[in-house]
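Colleague: I have the model open and want to go through it piece by piece. Can we start?

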Amino acid sequence: MQPGAKRTVQLDDIKAVLNSIPSQLAVLDADGGIVQINEAWTTFARENGGPDALANGVGTNYLEVCRSAAGQLVDEAPVAHDGIRAVLSGARATFELEYPCHSPTEKRWFLMTVTPFKGTRGGAVVSHVDITQRKLAETRRAGFDRIVEQSLNEVYIFAADTFRFIEVNEAACRNLGYSLDELRSMTPVDIRPEHTEETFAALVRPLLNDGKDKIVFTTVHRRKNGSDYPAEIHLQHMMFDGRQVFAAIVLDITQRTRTEEALAQARLFLESAPDATLIVNGAGTVEVANSQTTHLFGYSQKELRGMPVDALVPERFRDGHPAHRAQFAAHPKVRGMGVDLDLYAVTKAGQEIPIEVSLSPIQTADGTLVAAAIRDITARKEIEQTLEEAKVVAESATVTKTRFLAAASHDLRQPLQSLSLYLAVISRQLDQPKLQEIGGKMGKSLDTMRELLDALLDISKLDGGSITPEKRDLRIRDLLDRIVTDNVQQAENKGLRLECTDEDCIVHSDPALLERVIENFVTNAIRYTEQGVVKIDCQRGDGIARIAISDTGIGIPKDEVDKVFEEYYQLDNPVRDRRKGLGLGLSIVKHIARLLDHPLTVSSMPGEGSTFAVDVPLGTQEVVRSEARAVAHVLPSGGRIPIVLIIDDDPAIVDATTMLLELAGMQAHSALNGDDALAHIEAGIYPDIVVSDYRLPGYNGVEVVKRVRQATASDLPTILMTGDTSAREIEAANLSNCMVLHKPVDTNRLISVIEKLTAERPTHV
């Protein structure tokens, strides 16, 4: 064999050996040039994007390849260059480097190993091994280790033979209070005070000898500071780093234990609770029922546990009950169920019973439970029914009483009115001073009877609830003008000035009731003031008008201000002098103000005077001056005798009024009803004023006046006389050019008003 042939065979043999090695191999000369590669190297270079020269191998200087490498290997290439040179120079025996290498389809990892070549020329052997799977495993293990370390549960690994801890996570160190080094010198017995090494060995023996996969038990762990906490242990037997170990996952069940203890206490409480109580889970199933439920529903506690709570609802309501449960679950809070609704339950015997339910959410580790306290209200319903029936009877009695008061108010005032009129007629014809004095005293007695009757009827109506405010917007100026007109003569008789503000506004109130309040303040002020002035003032504030009546009277001591609104209380009147009133007016005012929701205030200084005020809400309309206030007193009657048409169904009142007016120099024509009044018109009598009772047979006073005005084609001035109960109806009729006087009417005032209205009347064309 030729020498050349022998050498070729040897090279082929070397190449075959290199190709049989799965690692990527390259043999370098002393300068780093590649003298031999295997097929795995060529494949490796091509798959990872290496240059063709590197893939072909022989003649390429590998050190230059490393020096010029870029991209993904920009950090590793210089390290590889220096490591290979160190081995070639003999400075290092070996060199290893793990590095990533990205192919077009995946990320891979390789281990480069460089060892000296043992040939005579020196050099080195470079090996690349694919370690991608190992790297992935290490990454997964690192991720698993991070999960274990970050877990809130405690994790322990301890030797199966010595029980000594090998690994523990951060949660275990944190909860126990020991460091990792301290725990590695300890065993589970050191943190479980109820165990010895023998009892713990017996506990884990089933995992070694009986083939169990896992055991779960509860115990108590003791911390480094000596405190204990309950723990639930999940224990397994396994291999770890080539040795048998136990792995334990430990759950701190302090909160769960507290919840269970609380539930146990709750069960004891439920048994002592007076009401039937159920605890229902999120699925609507009864979990707990106290003994009281057996008396209410007829089921045993055992039967109720596990029963759908919907089964306790009457069948006609059952389909809608799940929706009610879902609504409560969405917004759980302590509350009564079915407010303003009638709730019913059904017993085991099928009997429906009215109930009252109170719901309370209970937060547990297993979700939200609902405690339902249920009370049988059958007895209460029966009482309510009885009360409802009594209420109907009472309301019927109130209606009857209201009708009686309306009739009594009219019927009792009629004889008082006739007595007042007859007395006025007699008094005007008496010429003896003694008889005139007697007549005056009789008049004061009649006035006292009128005041007492008014007060008693008012108190009865207010206490009986038969007065209902009818609020509307009204001009305060019109109301105050009427009060001034009604009281100016009384003030002048005492030598007092009655002043009224020019302020005007719209207020929202019941006109008749508000007038009663203000007029009472005015009459009281006049009664208790001997000299000076009584002033009516109106001031607008924040949404209210304050109507204040001030006087320069005797005043009220500070400690008696709150008493003036009490029944029969009178300041400085211990002997009940009727000239100073009855002591009921302010009590009635207090009732009316409460009914209207109008606050009252009083301020006073003894010897200087008092101020009584009422706050009235402002209305929404604009203030418009009344046309009646803008019209001047035009074309007076020129001294002509006023013609008065008197209409009243009481013959005595008609007779007495006719006599009185004729004595006063007036011409009077009387009628007992509306038809009689119209007959006078048809006979050619055209009155200057109509004085009519409101309650008439057939047509009421308002309707009669309208017919008389239509017949005369004139807006005749009108005086309507009535009891309190008719004032609202007259007000609602909105009759113009009309004044309302309450019976019994003061005769002097009646004559004064007639003279004033007829004097102001324009000439009729």
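The questions below go from the whole chain to single residues.

Colleague: What kind of model is this, and how many helices and strands are in the chain?
Modeller: This is a predicted model. Its chain has 765 residues. The secondary structure comes to 26 helices and 28 strands.

Colleague: What share of the residues counts as buried?
Modeller: Buried here means under 20% relative accessible area. Over the 765 residues of the chain, that share is 42%.

Colleague: What part of the contacts with a separation of 6 or more comes from residues 24 or more positions apart?
Modeller: Take the contacts in the chain with a separation of 6 or more. Pairs 24 or more positions apart supply 57% of them.

Colleague: Turn to the sheet with mixed pairing. Which strands stand at its edges?
Modeller: This open sheet has five strands, ordered β18-β20-β21-β23-β22. From one strand to the next, the twist averages 15°. An edge strand has a single partner, so one of its sides is left without a neighbour in the sheet. The edges are β18 and β22.

Colleague: How many bridges join β20 to β21, and which residue in β21 stands opposite Ile-536?
Modeller: Strands β20 (residues 533–540) and β21 (residues 544–551) run antiparallel. Seven bridges join them. Opposite Ile-536 in β21 stands Ile-549.

Colleague: Two helices pack on this sheet. Which strands does each touch, and what angle does α19 make with β21?
Modeller: α18 touches β18, β20 and β21, and its direction makes about 175° with that of β18. α19 touches β18, β20, β21, β22 and β23. Its angle with β21 is about 20°.

Colleague: How do α18 and α19 cross, and what is the handedness?
Modeller: α18 covers residues 476–493 and α19 covers residues 511–527. Their axes come within 10 Å and cross at roughly 35°. The crossing is right-handed.

Colleague: Which residues meet there, and how do they divide by type?
Modeller: On the α18 side, the contact includes Leu-479, Leu-480 and Ile-483. On the α19 side, it includes Leu-514, Ile-518 and Val-522. The residues of this contact divide into ten nonpolar, three polar and four charged.

Colleague: Is Leu-498 buried or exposed, and what is its relative accessible area?
Modeller: Leu-498 is found in strand β18. Beyond its neighbours within four places in sequence, Leu-498 contacts Val-484, Asn-487, Val-488, Ala-491, Val-522, Val-534 and Ile-536. Leu-498 counts as buried because its relative accessible area is under the 20% cut-off. The value is 15%.

Colleague: What is the distance in space between Leu-498 and Asp-551?
Modeller: In sequence, the two are 53 residues apart. C-alpha to C-alpha, the distance is 9.5 Å.

Colleague: Where is Asp-504, and which residue's side chain does its own side chain join in a polar contact?
Modeller: Asp-504 is in the loop between β18 and β19. At 6% relative accessibility, Asp-504 is buried. A polar atom of its side chain lies 3.1 Å from the backbone nitrogen of Arg-477. The side-chain contact, at 2.3 Å, is with Arg-475.

Colleague: Now the parallel sheet. What is its strand order, and which strands are at the edges?
Modeller: Five strands form this open sheet, in the order β25-β24-β26-β27-β28. Each edge strand pairs on one side only. Neighbouring strands are turned by 20° against each other on average, direction ignored. The edges are β25 (667–671) and β28 (738–742).

Colleague: How many bridges pair β24 with β25, and which residue is the partner of Ile-647?
Modeller: β24 (residues 643–647) pairs with β25 in the parallel sense, over five bridges. The bridge partner of Ile-647 in β25 is Ala-671.

Colleague: What angles do α22 and α23 make with β25?
Modeller: α22 (residues 651–663) packs on the sheet, touching β24 and β25, at about 170° to β25. α23 (residues 674–682) lies across β24 and β25. Its angle to β25 is about 135°.

Colleague: What is the phi of Phe-163, and what is that of Asn-737?
Modeller: Most residues other than glycine have a negative phi. Phe-163, in the loop between β6 and β7, is buried at 7% relative accessible area. Asn-737, in the loop between α25 and β28, is partly exposed at 37%. Both phi values are positive: about 65° for Phe-163 and near 50° for Asn-737.

Terms used
Residues are numbered from 1 along each chain as its sequence is written. This is a predicted model: local features need pLDDT of at least 70, side-chain atom pairs count only at pLDDT 80 or more; totals for chains, interfaces and linings use all residues. Side-chain values use heavy atoms; hydrogens and water are left out. Helices (H or I, at least four residues) and strands (E, at least two) are DSSP runs, numbered from the N terminus. Buried means under 20% relative accessible area, exposed over 50%, partly exposed in between (1.4 Å probe, protein chains only). A polar contact is a pair of N or O atoms within 3.5 Å; within protein, one must be able to donate a hydrogen and the other to accept it, and residues adjacent in sequence count only if both atoms are side-chain atoms. Contact means heavy atoms within 4.5 Å. Two strands pair if DSSP finds at least two bridges between them. Axes are lines fitted to C-alpha atoms, for helices over the stretch in contact, and angles run from 0 to 180 degrees between N-to-C directions. A crossing is left-handed if the near helix is turned anticlockwise from the far one by less than a right angle, and right-handed if clockwise. Ala, Val, Leu, Ile, Met, Phe, Trp, Tyr, Cys and Pro count as nonpolar, Asp, Glu, Lys and Arg as charged, and the others, Gly among them, as polar.
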